[in-house]
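Hi,

Here is the structure I promised to pass on, with my notes on its pockets, cavities and aromatic rings underneath. Could you have it open while you read?

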Amino acid sequence: MRALITASLAWIASTRSRFLVVGVVLCALLPPIFSWPELPPMPAPAQAAWAQYWHDILKLKVDNPSFDYTRDFPPESNQAKRNFRITVPLLAHVTGLGMSAVPVIRFALQGMLLICLVLAAERACGDRLAALGAALAVAGTYVGTSVWMDEWGWFDNCAQAFLLLALVARRPGLVLAAMLAAAFTDERSLIAAPLVCLCHAWSGAGRGTRWAAVWAIPAYAAARIALSLGLGLHNASAGIGTLDMVTRNLRAFPSGAWSALEGGWLMVGGAYVASSRSSRQASGLCLAVATAVPVLAAVAVTDFTRSASYAFPGVLAGLALWSSLPAPGTARGVRLRRWALAAAALSLLSPNLFVMGRTFVQSNVLVRFLGGTPHPHL
């Protein structure tokens, strides 16, 4: 069996086109098999009504991208916080297809997410087997399955697709544009900007490309001010970081933190240890802090897993850092492959946890088929 697995992996990595095609297919098909993606359960009539409600909320923005949610909804509501999340509604609006374009855009960007994930992993280390492992480690988390859960117009997969485009791009202008598209899909994307910068730095990109992701933060702030002044869109940040919310999330912190990267924590931890043993201790510390920030920030909001998932570039940054460290002979490459493939196995085989008020376990398809058990929660 081990020989068969080794031969299969060697066959996948033998050509770039085969690596890309097979890698994308595996990243698309394997995660839902091991962790069936679904929202927390509710009675069918209520679920249909809830889905229709959010359809109508999103339609307001698709029909008129300058619509101000804060006029009709309180500032602490999720609706009000969607005021500047205009990328997908704007794309749907300009197509002239309205709401019919939304699922097409979501799944088109999911395709881009998977392609860019495989390419970004390859660029991070240059070793296709290690890249495949890292890509599967990311795809095995909420990042890879969120598109199947998005009945309420969250568009996390769309924001994360643009983040991955920023990781693949090598022109500063394209990196900046991709980061802004991600931020105007969900502003939580900007908390991953330091990780995008580090990944570019450790994979040999130019100075302009490295810092373009960071420059997206003030550019986004300026654009929001311009939209506020020009279109009358108001900011809504109430209800974030309340004592009840933080207390509840701190109790669920181990599950929430794990759900962010799952097996990807092996890549981050391994890169940190490897850099600590070399002359690059500062690099390892930067990786650890930049990866921890999105996870810690998730404590302040209800949807812990969704927010913490924006730490996923840390897996690719860890891969890039580890690959850039000096090592004798082929030792680094062999160790990197083993850890990356172990990270993939851990992400895929362990069920995804979805922390949003409660911790929901997304069970294995085979277990669900044989047992017919309802969606469990902790």
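The largest pocket comes first: about 730 Å³ of space lies in it. Please keep in mind throughout that this is a predicted model, so every value below is computed from it.

**The largest pocket**

Which residues should you click on to find the centre of the largest pocket? Lys-81, Arg-85, Arg-188, Val-301 and Asp-303 lie nearest to it, out of a lining of 33 residues. Three helices each give two or more residues to that lining: α4 (78–81), α16 (281–297) and α17 (304–308). The largest share comes from α4, with 3 residues. By class, the lining of this pocket has 16 nonpolar, 8 polar and 9 charged residues.

**The second largest pocket**

The second largest pocket holds about 340 Å³ of space. Its lining has 14 residues, and those nearest the centre are Leu-9, Leu-26, Leu-30, Leu-136 and Leu-348. How does this lining divide by class? It has 13 nonpolar residues and 1 polar residue, with no charged residues. At least two lining residues come from each of α1 (2–13), α2 (16–34), α7 (128–139) and α19 (331–349). Of the elements that line this pocket, α19 gives the most, with 5 residues.

**The cavities**

There are 2 cavities of 30 Å³ or more in the structure. The largest cavity has about 100 Å³ of space. Its lining is made up of Leu-58, Lys-61, Tyr-69, Asn-78, Arg-82, Arg-85, Pro-89, Gly-153, Trp-154, Phe-155, Thr-185 and Arg-306. Sorted by class, those residues are 5 nonpolar, 3 polar and 4 charged. You have already met Arg-85 among the residues nearest the centre of the largest pocket, and Arg-85 also lines this cavity.

The second largest cavity has about 30 Å³. Around it you will find Ala-120, Arg-123, Ala-124, Leu-167, Arg-170, Cys-199 and Ser-203. Helix α6 (residues 101–125) gives the most to this lining, with 3 residues. The class split here is 4 nonpolar, 1 polar and 2 charged.

**The aromatic rings**

The structure holds 13 aromatic pairs. One of them joins Trp-50 and Trp-54, which meet edge-to-face at 5.8 Å centre to centre, with 90° between the planes. Both residues belong to helix α3 (residues 44–63), where they are 4 residues apart, about one turn of the helix.

Are these two tryptophans buried or exposed? Trp-50 counts as partly exposed because its relative accessibility is 35%, whereas Trp-54 is buried, with a relative accessible area of 7%. Trp-54 also pairs with Tyr-53: their ring centres are 5.3 Å apart and the planes stand at 80°, so this pair is edge-to-face too. Tyr-53 has a relative accessible area of 30%, so Tyr-53 counts as partly exposed.

These rings belong to a cluster linked by ring pairs, made up of Trp-50, Tyr-53, Trp-54, Tyr-142, Trp-152, Trp-154 and Phe-354. Within that list, Trp-154 is worth a look, as Trp-154 is also one of the residues lining the largest cavity.

Another ring to look at is Phe-84. The charged end of Arg-224 sits over the ring of Phe-84, 4.0 Å from its centre.

**A buried aspartate**

The last stop is Asp-156, found in helix α9 (residues 156–168). Asp-156 counts as buried because its relative accessibility is 1%, and the cut-off for buried is under 20%. Which residues does Asp-156 touch, leaving aside its neighbours within four places in sequence? The contacts are Tyr-142, Ser-146, Asp-150, Asp-186, Arg-306 and Tyr-310. Asp-186 is 30 residues away along the chain, with 7.1 Å between its C-alpha atom and that of Asp-156.

Two of those contacts tie back to the earlier sections. Tyr-142 is a member of the aromatic cluster, and Arg-306 helps to line the largest cavity.

If you would like a route through the model, start from Asp-156 and go to its contact Arg-306. From there, step into the largest cavity that Arg-306 lines, and then go on through Trp-154 to the aromatic cluster.

Happy viewing, and best wishes

How values were computed. Residues numbered from 1 in each chain as written. Predicted model: local features only at pLDDT ≥ 70, side-chain atom pairs only at ≥ 80, totals over all residues. Heavy atoms only, no water. 1 Å grid on protein atoms, 1.4 Å probe; cavity = no way out; pocket = protein on both sides within 12 Å on 5 of 7 lines; lining within 4 Å. Points joined across faces, edges and corners; volume = space filled by probe spheres on them. Nonpolar A, V, L, I, M, F, W, Y, C, P; charged D, E, K, R; others polar. Phe/Tyr/Trp six-rings, centres within 6.5 Å; stacked < 30°, edge-to-face > 60°. Buried < 20%, exposed > 50% of the residue type's maximum accessible area, 1.4 Å probe, protein only. Lys NZ or Arg CZ within 6 Å of the ring centre and 35° of its normal. Contact = heavy atoms within 4.5 Å.
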